[in-house]
Amino acid sequence: MNTQTEKLELLQLVLNTESPEILKKAKALLKKHATKTDTDHLLSTKANREHLLSSIDQLNEGKGKAIKTADLWK
């Protein structure tokens, strides 16, 4: 059996569980993985890193603008 199949079977077991403890651990692992993956992607190129650092500098200088999440899709 390959790793992908094993992961899918494990996911199926987690989805079918009613154990709050297992669900809590699964959510924590998924959140940790998602965060790490997103961060790795955002920092994957020099251009991305420089853009993010520039944006952070702008926020620290008070140049940020607060917006409502609902306004993002207008």
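Lys 46 and Glu 50 sit four residues apart in helix α3, so about one helical turn separates them. The two also form a salt bridge, with their closest N and O atoms 3.9 Å apart. A salt bridge here is a side-chain nitrogen of Lys or Arg within 4 Å of a carboxyl oxygen of Asp or Glu. Helices (H or I, at least four residues) and strands (E, at least two) are DSSP runs, numbered from the N terminus. Lys 46 counts as exposed because its relative accessible area is 56%, while Glu 50, at 46%, is partly exposed. The cut-offs for these words are simple: buried means under 20% relative accessible area, exposed means over 50%, and partly exposed is in between (1.4 Å probe, protein chains only).

Before going further, a word on where all this comes from. The model is predicted, so local features need a pLDDT of at least 70 and side-chain atom pairs count only at pLDDT 80 or more, whereas totals for chains, interfaces and linings use all residues. Residues are numbered from 1 along each chain as its sequence is written, and side-chain values use heavy atoms, with hydrogens and water left out. As for pLDDT, this is the predictor's confidence in each residue, from 0 to 100. The protein chain averages 80, and 95% of the residues score at least 70. Among the elements, α3 (residues 46-60) has the highest mean pLDDT, 88, and α1 the lowest, 76. Where pLDDT is low, the predicted coordinates should not be read in detail.

Back to the salt bridges, of which the count is three. Another one joins Lys 25 to Glu 21, with the closest N and O atoms 3.7 Å apart. These two residues are four apart in helix α2 (residues 20-42), so about one helical turn lies between them. Glu 21 is partly exposed because its relative accessibility is 47%. A further salt bridge brings together the side chains of Glu 61 and Lys 63, at 3.1 Å from N to O. Glu 61 is exposed, with a relative accessible area of 53%, and Lys 63 is exposed too, at 59%. In the sequence, Gly 62 comes just after α3 and takes a positive phi of about 80°.

Now for the helices themselves. The protein chain has three helices and zero strands, and reading along the sequence gives the pattern α-α-α. Helix α1 (residues 3-16) has 14 residues and reaches 20 Å from its first C-alpha to its last, close to the 20 Å expected. That expected span is 1.5 Å times one less than the number of residues in the helix. The 15 residues of α3 should span 21 Å by this reckoning, and the end C-alpha atoms of α3 are indeed 21 Å apart, so the two values agree.

Helix α1 has its own story on the surface. The number of buried residues among its 14 is one, so α1 lies largely in the open. Leu 8 is part of this helix and counts as exposed because its relative accessibility is 52%. Leu 15 is found in α1 as well, and it is exposed, with a relative accessible area of 59%. Together with Leu 11, these two leucines form a nonpolar patch on the surface, with about 310 Å² of accessible area. Patches are made of residues with over 30% relative accessible area and no salt bridge, where like charges are joined within 9 Å and nonpolar side chains (Val, Leu, Ile, Met, Phe, Trp, Tyr) within 5 Å. Leu 15 and Thr 37 are 22 residues apart in sequence, and their C-alpha atoms are 22 Å apart in space.

What about the chain as a whole? Buried residues make up 4% of its 74 residues. The accessible surface comes to about 7200 Å², and 60% of this belongs to carbon and sulfur atoms. Such areas come from the Shrake-Rupley method with a 1.4 Å probe, and for residues only the protein chains shown count as cover. The radius of gyration is 19 Å, where a compact globule of 74 residues would have one near 11 Å. This radius is taken over C-alpha atoms, and the globule rule is 2.2 Å times the number of residues to the power 0.38. Along its principal axes, the C-alpha trace spans about 50 × 30 × 25 Å. In the segment after α3 lies Ile 67, which is exposed, with a relative accessible area of 53%. The C-alpha atoms of Ile 67 and Thr 17 are separated by 39 Å, and the two residues are 50 apart along the chain.
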